[in-house]
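Subject: Handover of a structure and findings

Dear colleague,

Please find below the structure that I am handing over to you. A description of what was found in it follows.

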Amino acid sequence: VGGAALRVAAVATLGRHFVSQTRAHGAESRVRRGVYAHLRHPSELGLVALAVGAGVVAGSAGALCLALGALLPLSLVRMRREERAMLCRS
């Protein structure tokens, strides 16, 4: 539930600026309000927490392994891309 709430808060903070494709905007455009004032990648963190929590609650080792073995690495790749995009100037 906490992961879902974090992801919803992240999406709500960005509104129409929440996109699936990473774009280069530079560090000066970094969002510093809402959950982004406290966390660098709250949407990704919320998604992983939601998936791990669902696996635990369901008692599903397969779902837990999928969350940790596939979703977590994919989220880390996305976070690295976002970090690189923030370093670029458009």
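Does H41 count as buried or exposed? At 13% relative accessibility, H41 counts as buried. Please bear in mind, here and throughout, that this is a predicted model.

**Overall architecture**

The protein chain contains three helices and zero strands. Read from the N terminus, its elements follow the order α-α-α. Of the 90 residues in the protein chain, 24% are buried. When contacts between residues at least 6 apart in sequence are considered, 68% of them join residues at least 24 apart.

**The pairing of helix 2 and helix 3**

Helix 2 covers residues 42-58 and helix 3 covers residues 61-87. Their axes come within 9 Å and cross at roughly 175°. An angle over 145 degrees counts as roughly antiparallel, and helix 2 and helix 3 are therefore roughly antiparallel to each other. On the side of helix 2, the contact is made by E44, L47, V48, A51, V52, G55 and V56. Helix 3 contributes A63, L64, A67, L68, L71, L72, S75, R78 and M79. Sorted by class, this contact has 12 nonpolar residues, two polar residues and two charged residues.

**Salt bridges**

The count of salt bridges comes to three.

One of them joins the side chains of E83 and R40, with an N to O distance of 2.8 Å. This pair links distant parts of the chain, since E83 belongs to helix 3 while R40 sits in the loop between helix 1 (2-14) and helix 2, 43 residues apart. Both partners are partly exposed: E83 has a relative accessible area of 25%, and R40 has a relative accessibility of 41%.

Another salt bridge brings together the side chains of R78 and E44, at 3.0 Å from N to O. Here too, distant parts of the chain are linked, with R78 in helix 3 and E44 in helix 2, 34 residues apart. E44 has a relative accessibility of 8% and therefore counts as buried. R78 and E44 also appear among the residues that make the contact between the two helices.

The side chains of E82 and R78 form a salt bridge as well, at 3.1 Å from N to O. Because E82 and R78 are four residues apart in helix 3, about one helical turn separates them. Through salt bridges that share partners, E44, R78 and E82 are joined into one network.

**H41 and its surroundings**

To return to the residue raised at the start, H41 lies in the loop between helix 1 and helix 2. Which residues does H41 touch, not counting those up to four places away in sequence? They are M79, E82 and E83. The side chains of H41 and E83 are joined by a polar contact of 2.7 Å. E83 is thus a partner of H41 in this polar contact and of R40 in a salt bridge. E82, which H41 touches, belongs to the network with E44 and R78.

**A further position in the loop**

R33 is also located in the loop between helix 1 and helix 2. With a relative accessible area of 47%, R33 is partly exposed. The C-alpha atoms of R33 and T13 are separated by 7.5 Å, and the two residues are 20 residues apart along the chain.

Yours sincerely

How values were computed. Residues are numbered from 1 along each chain as its sequence is written. This is a predicted model: local features need pLDDT of at least 70, side-chain atom pairs count only at pLDDT 80 or more; totals for chains, interfaces and linings use all residues. Side-chain values use heavy atoms; hydrogens and water are left out. Axes are lines fitted to C-alpha atoms, for helices over the stretch in contact, and angles run from 0 to 180 degrees between N-to-C directions. Angles under 35 degrees count as roughly parallel, over 145 as roughly antiparallel, 65 to 115 as roughly perpendicular and the rest as oblique. Contact means heavy atoms within 4.5 Å. Ala, Val, Leu, Ile, Met, Phe, Trp, Tyr, Cys and Pro count as nonpolar, Asp, Glu, Lys and Arg as charged, and the others, Gly among them, as polar. A salt bridge is a side-chain nitrogen of Lys or Arg within 4 Å of a carboxyl oxygen of Asp or Glu. Buried means under 20% relative accessible area, exposed over 50%, partly exposed in between (1.4 Å probe, protein chains only). A polar contact is a pair of N or O atoms within 3.5 Å; within protein, one must be able to donate a hydrogen and the other to accept it, and residues adjacent in sequence count only if both atoms are side-chain atoms.
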